[in-house]
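Student: Could you take me on a close look at one part of this model, the strands that pair up one after another? I'd like to follow the pairing along the chain.

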Amino acid sequence: MSDTNPEEMQHQNKRIALFKTLIGRHLDGDFSPVAQWLNGRLIQIQEGFMEMEFIVRKDMCNPMQLLHGGIAATILDDVVGTMVYALGRENAYVSINLNCDYLHPAKVGDKLNVQAKVIRAGKTVVHVEAQIKGYGDLVIAKCTSNLTQTNIRLPY
């Protein structure tokens, strides 16, 4: 997590501090409609790392009643995007790619643990990895993603 200046670090601490007050809660309210629909619960956050928990619902499944691959990708994308937001940078970042591997199924009622981490934080591109684990630490899906800086300024 390099390439940050002191001003960004000051803002970063404010965002991390805000998220730490949300540990154990579902991320709703001011979060995106997609995040509200996913209804994830924040487990842990620190600079460059985030852990959340989700429960697979019927409306997240394909016709086989298994977690839909697109929803798994949405969970991964939402968690990595929120984690990058928590880095405290001045501008918003958006995904420029999301490469997912689907390894095992998850079914309705399964509890999913999602962990995301920053691998490299450059000036304009942040490279991240994330994975969804299910019962017994079985990897359901994993991804790598690159997010790029936009010209949209974020409030702190």
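Tutor: Sure. First, a term: two strands count as paired if DSSP finds at least two bridges between them. Keep in mind that this is a predicted model.

Let's start with strand E4, residues 111–121, and strand E5, residues 125–133. These two run antiparallel, with 8 bridges joining them. If you want one contact to find on screen, go to lysine 117: its bridge partner in E5 is glutamate 129. Between E4 and E5 there are 3 residues, and the two strands form a hairpin.

Now carry on from E5 to strand E6, which covers residues 139–153. This pair is antiparallel as well, and 9 bridges join E5 to E6. Here a handy spot to look at is alanine 130, which stands opposite cysteine 143 in E6. E5 and E6 also make a hairpin, this one with 5 residues between the strands. In that turn, check glycine 136: its phi is positive, at about 70°.

So what do you have when you put the pieces together? E5 is joined to E4 by 8 bridges and to E6 by 9 bridges. Both pairings are hairpins, with 3 residues between E4 and E5 and 5 between E5 and E6. To trace it yourself, go from lysine 117 across to glutamate 129 in E5, then from alanine 130 across to cysteine 143 in E6.

Key: Residues are numbered from 1 along each chain as its sequence is written. This is a predicted model: local features need pLDDT of at least 70, side-chain atom pairs count only at pLDDT 80 or more; totals for chains, interfaces and linings use all residues. Side-chain values use heavy atoms; hydrogens and water are left out. Helices (H or I, at least four residues) and strands (E, at least two) are DSSP runs, numbered from the N terminus.
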